[in-house]
Amino acid sequence: MALSSSNSSSPSYFSSSRIVALFVLLLLTGTCSAKLSENFYSQTCPEVFKTVKSVVKSAIANEPRIGASILRLFFHDCFVDGCDGSVLLDDTSSFRGEKTAAANNNSLRGFEVIDSIKTKVESICPGVVSCADILAIASRDSVVILGGPFWNVKGGRRDSRTANFNAANSGVIPAPNSNLSNLISKFHDQGLSVKDMVALSGSHTIGKSRCSSFRDRIYNESNIDSTFAKAKQSKCPCTSGSADNNLAFLDFQTPNHFDNNYFKNLINQRGLLHSDQVLFNGGSTDSLVLTYSLNDKIFYSDFVIGMIKMGNNKPLTGSQGEIRKNCRVLN
Ligand code: HEM
Ligand SMILES: *[C@@H]1O[C@H](CO)[C@@H](O)[C@H](O)[C@H]1NC(C)=O
Ligand SMILES: *[C@@H]1O[C@H](CO)[C@@H](O)[C@H](O)[C@H]1NC(C)=O
Ligand SMILES: *[C@@H]1O[C@H](CO)[C@@H](O)[C@H](O)[C@H]1NC(C)=O
């Protein structure tokens, strides 16, 4: 009888080391289904990362701002009941999603890119990759393609069967008129530190804001560079109306490059949003803003830590939720 026979009845097959190995294997499989992991798709969809990246790359080549829009989608997903793809669900006559909540209505964008990614991923591994994971991966790719840092994205988030309009609408997502203590406490509610909050706010090194989000600041605040304020006022009249949706770059210097110019702007009182400038206004976060403005490597490393923490926020795992076929609708 061959010694290597797999159905050998030799007692050595059940040696203690084999039993230990078997238990370790069971333990690993057990935890893998309940936790996020970097190799979650290595057997079931090995091409997922390549596929997501190719779609994000062409979307950004077509319109650089879309990378910023995708990153913001992920933030607004993760802050409302965790990173579960809930923000992607469309409203129907019997279902209220999060898209029209105050922080999102007429502002969130990038849904079509997520749809294109989903279609492509479904064509190579149907029913395997969640919309929540696609959002996490596409956000990382957006940051990298726009010149920012890389990090490994874990997989295993599942998609919600619900959305939470009330949470999205009632201040879980911080508003641009927030003061520093509002910001600190809203991030704290999500398990994120003051450092995470400041580093993640560095996302405003890319993308745009509507006039309605910064009007009060450019007309009524004194901690603002006057040349900067005047330039912004020229495209954002002081009374609300048809110009409410006029856009301005959050980082007017390098709006399509993920760098630390956002923090340099804050040092020069050129933060666009009230909630940007409060990070450097004589308070407890001034020193961190100064550090990031002087050293992009420290910003990048704290940003990555913050993104990973935010991306691990209350995911649905294991058999919770579902793997949506279409990110906009429940299966
Ligand atoms: C600290 C609290 C934050 C506040 C108060 C805030 C608020 C805002 C506001 C008001 C806008 C402009 C929306 C509009 O007018 O349509 C915006 C844009 C943006 N936010 Fe934030 N944000 C915060 C944190 C974050 C975080 C943590 C991220 C990502 C991790 C992020 C990513 C972005 C991006 C990329 C844009 C530009 C989106 C685009 O161009 O489509 N923000 N944010
Ligand atoms: C969202 O915006 C649309 C278009 O401006 C508006 O008609 C609608 O009332 C808004 N929805 C909510 C819930 O505020
Ligand atoms: C911050 O704003 C809240 C209201 O949102 C207010 O209660 C609080 O007093 C403000 N804190 C500071 C330090 O201004
Ligand atoms: C500026 O503040 C004044 C006084 O609080 C207010 O009446 C006015 O509407 C504000 N203007 C803008 C553009 O926010």
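**Exercise 1. Start from the UniProt annotation and determine which residue is the protein donor of the iron atom of ligand 1, and where that residue is found.**

Solution. The UniProt record, an unreviewed entry, places the feature "binding site" at His 204. The coordinates examined here belong to a predicted model, and in them the iron atom of ligand 1 has His 204 as its only protein donor, through NE2 at 2.1 Å. As the next step, place this residue along the chain: His 204 sits in the loop that runs between helix H8 (194-201) and strand E1 (208-210). Finally, assign its accessibility class: His 204 counts as partly exposed, because its relative accessibility is 25% and the partly exposed class lies between the 20% and 50% limits.

**Exercise 2. Work out which residues come nearest to ligand 1, and which polar side-chain atoms lie beside its oxygen atoms.**

Solution. Begin with the surroundings as a whole: ligand 1 has 25 residues around it, of which Arg 65, Ser 69, Ser 107, His 204 and Ser 213 come nearest. Then take the side chains one by one. For Arg 65, an N or O atom of the side chain is 2.7 Å from an oxygen atom of ligand 1. For Ser 69, the separation between a polar side-chain atom and an oxygen atom of the ligand is 2.7 Å, while for Ser 107 the corresponding separation is 2.6 Å.

**Exercise 3. Describe the shell around ligand 2 by residue, by class and by polar contact, and state what percentage of the ligand's area the protein buries.**

Solution. List the members of the shell, which are Arg 96, Thr 100, Asn 105 and Asn 106. Sorting them by class gives three polar residues and one charged residue, with no nonpolar residue present. Turning to contacts, a polar side-chain atom of Asn 105 lies 2.4 Å from an oxygen atom of ligand 2, and an N or O atom in the side chain of Asn 106 is 3.0 Å from an oxygen atom of this ligand. As for burial, ligand 2 taken alone exposes 360 Å², of which the protein buries 35%.

**Exercise 4. Decide whether Asn 313 is buried or exposed, and find the backbone oxygen that lies beside a polar atom of its side chain.**

Solution. Locate the residue first: Asn 313 belongs to the segment after helix H14 (296-311). Its relative accessible area is 8%, so Asn 313 is buried, the limit for that class being under 20%. The side chain then supplies the remaining part of the solution, since a polar atom of Asn 313 lies 2.8 Å from the backbone oxygen of Cys 78.

Technical notes
Residues are numbered from 1 along each chain as its sequence is written. Chains are lettered from A and ligands numbered from 1 in the order in which they are written. This is a predicted model: local features need pLDDT of at least 70, side-chain atom pairs count only at pLDDT 80 or more; totals for chains, interfaces and linings use all residues. Side-chain values use heavy atoms; hydrogens and water are left out. A residue is near a molecule or strand if one of its heavy atoms lies within 4 Å of it. A polar contact is a pair of N or O atoms within 3.5 Å; within protein, one must be able to donate a hydrogen and the other to accept it, and residues adjacent in sequence count only if both atoms are side-chain atoms. Accessible areas come from the Shrake-Rupley method with a 1.4 Å probe; for residues, only the protein chains shown count as cover. Ala, Val, Leu, Ile, Met, Phe, Trp, Tyr, Cys and Pro count as nonpolar, Asp, Glu, Lys and Arg as charged, and the others, Gly among them, as polar. Donors are N, O and S atoms within 2.8 Å of the metal (3.2 Å for Na, K and Ca); water is not among the atoms, so sites may look incomplete. Helices (H or I, at least four residues) and strands (E, at least two) are DSSP runs, numbered from the N terminus. UniProt positions are given in the numbering used here, feature names are shortened, and annotations may be inferred rather than shown by experiment. Buried means under 20% relative accessible area, exposed over 50%, partly exposed in between (1.4 Å probe, protein chains only).
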